[in-house]
Amino acid sequence: MLRKPKEIITAHRQTEGGGFIVRRPFPTNGLNMVDPFLLLDEMGPMDYAPGKAVGAPDHPHRGFETVTYLLSGEFTHEDSAGHKGTLRPGDVQWMTAGAGVIHSELPSDKIMREGGRMHGFQLWVNLPARDKMTIPRYQEVPADGIPTAKSEDGLAQATVIAGEALGVKAVIDTRTPIIYHDWTLQPGAHATTYVPPDHNVFAYVFEGEALIGDEVVTEGQVAFLGEGDDVQLGAKADAANPARLLLVGGVPINEPVARYGPFVMNTSEEIVKAIEDFQSGSFGEIVR
Ligand code: FE
């Protein structure tokens, strides 16, 4: 059975971190989360002059995962467990914050020096109670290590960050079953991709105009898909440009969610504990 859009909403804009603008499909006033997903942010696209780029300086996380996927620019990250690296276009960082990290996510020295375009996504994935206090873990995959899937005519192509698309499996492993694809749909493209029926699924269009089932979904809109399994994606034959969208799905965790800024736990007591642990320094610090 085809999954059809049951609701389409337009992402709002807001300021985050050190003052960068994001387009945020959710959470919004009317929609707190799409279990197991807590947030999706599109950062940019934004063209920075030299010295002007901004990011998110030192901040903590506990109880969930942050997934950063970059399309343009460079992000340097550092954390309290001693990890340090730079993400470049097409690279993915899947960070399981678990019991807690403090990290910074900043434009690279090169972007600071020379300026440039920053564009990317951050998805927050909740962890089930059993995994909230797990040891922090990074999965960092460079662009050339991420598999891609193609329709037979080559007009529809997916970068498979998590899960499976058209029989191509991702290399990243997830704590609960998740799919995360970046689809490029050339004019006239059609693809049908299977998403297991127990997943909550949404599609966020970030370029052009996509067809989801027979509904037109345009740039900046997110479509929440109804029950079923197969998802039909496409672009009109007379489209001026390709459409691009993120297709994201996961099995709902169905547990109580207590969330306060960068901490996402099951109860308010656990949130208080997270704040206390952070304030007492038990998350460690970034050694520079
Ligand atoms: Fe962060």
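This briefing covers the metal site, the empty spaces, the strand pairing and some backbone features of one structure.

The model is predicted. An iron ion is coordinated by three histidines and a glutamate, namely H59, H61, H103 and E105. The largest pocket has a volume of about 440 Å³, and the largest cavity has a volume of about 80 Å³. Strand 4 gives the most residues to the lining of that cavity. Two peptide bonds described below are cis: F26 to P27 and D35 to P36.

**The iron site**

- The iron ion is held by NE2 of H59, NE2 of H61, NE2 of H103 and an OE atom of E105, at 2.1 to 2.4 Å.
- The angles among the 4 donor atoms run from 84 to 178°, and the site is irregular.
- A tetrahedral site would need all angles between 85 and 135 degrees.
- Along the chain, the donors follow the spacing H-x1-H-x41-H-x1-E.
- H59 sits in strand 5 (residues 56-61) and H103 in strand 10 (residues 101-107), so this pair ties together parts that are 44 residues apart in sequence.
- H59 has 18% relative accessibility and counts as buried, because buried means under 20%.
- H103 is buried too, with a relative accessible area of 1%.

**The largest pocket**

- The volume of the largest pocket is about 440 Å³.
- The pocket is lined by 25 residues; the closest to its centre are E16, D41, H59, Q122 and W124.
- H59 is thus named twice: as a ligand of the iron ion and among the residues closest to the pocket centre.
- Strand 3, strand 4, strand 5, strand 7 (75-79) and strand 11 (116-126) are the elements that give two or more residues to the pocket lining.
- Strand 5 gives the most, with 4 residues.

**The cavity**

- Rolling a probe the size of a water molecule over the atoms shows where empty space is left.
- A search of the whole structure finds 1 cavity of 30 Å³ or more.
- The volume of the largest cavity is about 80 Å³.
- Its lining consists of F20, I21, M43, G44, M46, Y48, V54, F75 and M118.
- Strand 3 and strand 4 are the elements that give two or more residues to this lining.
- Strand 4 gives the most, with 4 residues.

**Strand 4 and its partners**

- In strand 4, 9 of the 12 residues are buried, so this strand is largely enclosed by the rest of the structure.
- Strands of a sheet pair through backbone hydrogen bonds, either parallel or antiparallel.
- Strand 3 and strand 4 run antiparallel and are joined by 3 bridges.
- V22 has M43 of strand 4 as its bridge partner.
- Strand 4 and strand 11 also run antiparallel, joined by 9 bridges.
- M46 stands opposite M118 of strand 11.
- M43, M46 and M118 are among the residues that line the largest cavity.

**A four-stranded open sheet**

- An open sheet is formed by 4 strands in the order 18-23-20-21, with antiparallel pairing.
- Its edge strands are strand 18 (190-194) and strand 21 (215-218), and each pairs on one side only.
- Neighbouring strands of this sheet are turned by 30° against each other on average, direction ignored.
- Strand 20 (residues 209-212) and strand 23 (residues 230-234) run antiparallel, joined by 2 bridges.
- I212 stands opposite L233 in strand 23.

**Unusual backbone features**

- Most residues other than glycine have a negative phi, and most peptide bonds are trans.
- The peptide bond from F26 to P27 is cis, with omega near 5°.
- The peptide bond from D35 to P36 is cis as well, with omega near 10°.
- P27 lies in the loop between strand 3 (20-26) and strand 4 (37-48).
- P36 also lies in the loop between strand 3 and strand 4.
- L166 has a positive phi near 45° and is not a glycine.
- L166 lies in the loop between strand 15 (164-165) and strand 16 (168-169).
- L166 counts as partly exposed, at 35% relative accessibility.
- N254, which is not a glycine, has a positive phi of about 55°.
- N254 lies in the loop between strand 24 (243-250) and strand 25 (258-260).
- N254 is exposed, with a relative accessible area of 64%.

Methods: Residues are numbered from 1 along each chain as its sequence is written. This is a predicted model: local features need pLDDT of at least 70, side-chain atom pairs count only at pLDDT 80 or more; totals for chains, interfaces and linings use all residues. Side-chain values use heavy atoms; hydrogens and water are left out. Donors are N, O and S atoms within 2.8 Å of the metal (3.2 Å for Na, K and Ca); water is not among the atoms, so sites may look incomplete. Four donors count as tetrahedral if all angles lie between 85 and 135 degrees; four count as square planar and six as octahedral if opposite donors are over 155 degrees apart and all others between 65 and 115; anything else is irregular. Buried means under 20% relative accessible area, exposed over 50%, partly exposed in between (1.4 Å probe, protein chains only). Two strands pair if DSSP finds at least two bridges between them. Axes are lines fitted to C-alpha atoms, for helices over the stretch in contact, and angles run from 0 to 180 degrees between N-to-C directions. On a 1 Å grid over the protein atoms alone, a cavity is a set of points where a 1.4 Å probe fits but cannot get out, and a pocket is an open set with protein on both sides within 12 Å along at least five of seven lines; lining residues have an atom within 4 Å of a point. Grid points are joined across faces, edges and corners, and a volume is the space filled by probe spheres set on the points.
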